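Hello,

Here is the structure I promised to send over. Have a look at it first, and then read on for what turned up in it.

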Amino acid sequence: MKKIFASRPTFGPGGNSDSFKAAGKKSTLEAPEWIRSIGLDAYEFEAGRGINTNDAMLAAIGEEARRNEILMSFHAPYFISLSSVEEQKRTNSIEYIRRSLHAASLLGADTIVIHTGSAATISRDEAMRLAADTLERNLEVNGDTDVRMGLETMGKINQLGTLDEVLTLCKISPKYCPVVDFGHLNARGVGGQFPDCDSYRRVFDTIANALGDEYAYNLHCHFSKIEYTAKGEKKHLTFADSLYGPEFDGLAEAIIKEGVAPRIISESDGTQSDDALTMKAMWLAAGGKE
């Protein structure tokens, strides 16, 4: 895979971890400096339950991120539904994306993360048609942005969000990019999706073949161990879990062999900063260089 930019992988938490709170920190305004102090370099602002932070605070957090050289991303609200059969819900989703892009610009975030939708009550073909229509309409409202609109791979079987589905939707416009959640892909495959380095390498190669090398090289990722059932994702876990996986060592090796520089956000349950540090240490042990 062609290396496009001279850079390296970056690691950080999604939201504020238990260790952040244990350090006496109370406000996300304190997060960028604290993240830098422990050796991390990325942060995903979590707005899954809605954007409840005012513009002044978002701008202040963004300034702190720039001062501490923390790369920012933004998780858009979970209630976005690109594939809803109700047109008003899809229209509302475009507005939620607009608000997310505004928040991201204040934070200095280069990527927002969007859930792709459900296929629980309709066929996957119909869900894909509706999602594609929503994304086409979204460009009319939100197409004039430098922020990448990331479409996330999802963990439940009845959700849109296989890697192939996400890549198909991303082909609508260069404004869209994949966000690969390796825990989600593992969960929807009911485990065993990432037994070794080569299984991770195939993800990067599939993205490069579908969208181009730049999308694979600069991939935005989520990583956590996730409990699953026959229906897919059930619960986010921590790296202390030894039953469900996936394991990160294969991905650390794949990053080295592919020569890519993804941003990897830990979504572990409360230990996201600790597990992000563990991933960085594993990448360094595999041959990565600061």
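Below are my notes, starting with the whole chain and moving on to single places in it.

A word of caution before anything else: this is a predicted model, and the values in this email are computed from it.

**The chain as a whole**

The chain's secondary structure amounts to 11 helices and 10 strands. How does its radius of gyration compare with that of a compact globule? For 290 residues the expected value would be near 19 Å, and the chain has 18 Å, so the two agree. If you measure out the C-alpha trace along its principal axes, the spans are about 45 × 45 × 35 Å. Buried residues account for 53% of the 290 residues. Among contacts with a separation of 6 or more, 77% are between residues 24 or more positions apart.

**The largest pocket**

You will probably want to look at this part on screen. The largest pocket holds about 810 Å³ of space. It is lined by 34 residues, and those closest to its centre are Gly 14, Glu 46, Gly 48, Arg 49 and Tyr 78. Three elements, α1 (18-22), β2 (42-46) and β9, each give two or more residues to this lining. Which of them supplies the largest share? That is β2, with 3 residues. Sorted by class, the lining has 17 polar, 10 charged and 7 nonpolar residues.

**A hairpin, and a cis bond after it**

Strand β9, which we just met in the pocket lining, covers residues 232-236 and pairs with β8 (residues 226-229). The pairing is antiparallel and runs over 4 bridges. Together the two strands make a hairpin, with 2 residues between them. To find the pairing on screen, look for Thr 229, which stands opposite Gly 232 in β9.

Further along, in the loop between β9 and α10 (249-258), sits Pro 246. A cis peptide bond joins Gly 245 to Pro 246, with omega about 5°. For context, most peptide bonds are trans.

**Helix α10 and what it packs against**

Which residues of α10 are buried? They are Gly 250, Leu 251, Ala 252, Ala 254, Ile 255 and Glu 258. As a reminder, an α-helix has 3.6 residues a turn, so residues three or four places apart point the same way. The buried residues of α10 pack against three helices, α7, α8 and α11, and against the strands β7 (220-223) and β10 (263-266). Just after the helix comes Gly 259, whose phi is positive at about 70°.

**Two positive phi values outside glycine**

Most residues other than glycine have a negative phi, and here are two places with a positive one.

- Glu 69 has phi near 55°. This residue is in the loop between α3 (55-67) and β3 (71-75). Is Glu 69 buried or exposed? Its relative accessibility is 68%, and because the cut-off for exposed is over 50%, Glu 69 counts as exposed.
- Val 190 has a positive phi of about 50°. This one lies in the loop between α7 (182-188) and α8 (197-211). With a relative accessible area of 40%, Val 190 is partly exposed.

**Two more residues to click on**

Gly 39 is in the loop between α2 (31-38) and β2. At 26% relative accessibility, Gly 39 is partly exposed. Apart from neighbours within four places in sequence, Gly 39 is in contact with Leu 277 and Lys 280. Where is Gly 39 relative to Phe 182? The two are 143 residues apart in sequence, and their C-alpha atoms are 23 Å apart in space.

Leu 284 belongs to helix α11 (residues 272-285). Its relative accessibility is 31%, which puts Leu 284 in the partly exposed group. Leaving out neighbours within four places in sequence, Leu 284 is in contact with Lys 289 and Glu 290. Between Leu 284 and Asp 41 there are 15 Å from C-alpha to C-alpha, and the two residues are 243 apart along the chain.

Happy browsing, and best wishes.

Technical notes. Residues are numbered from 1 along each chain as its sequence is written. This is a predicted model: local features need pLDDT of at least 70, side-chain atom pairs count only at pLDDT 80 or more; totals for chains, interfaces and linings use all residues. Side-chain values use heavy atoms; hydrogens and water are left out. Two strands pair if DSSP finds at least two bridges between them. On a 1 Å grid over the protein atoms alone, a cavity is a set of points where a 1.4 Å probe fits but cannot get out, and a pocket is an open set with protein on both sides within 12 Å along at least five of seven lines; lining residues have an atom within 4 Å of a point. Grid points are joined across faces, edges and corners, and a volume is the space filled by probe spheres set on the points. Ala, Val, Leu, Ile, Met, Phe, Trp, Tyr, Cys and Pro count as nonpolar, Asp, Glu, Lys and Arg as charged, and the others, Gly among them, as polar. The radius of gyration is taken over C-alpha atoms; the globule rule is 2.2 Å times the number of residues to the power 0.38. Buried means under 20% relative accessible area, exposed over 50%, partly exposed in between (1.4 Å probe, protein chains only). Contact means heavy atoms within 4.5 Å.
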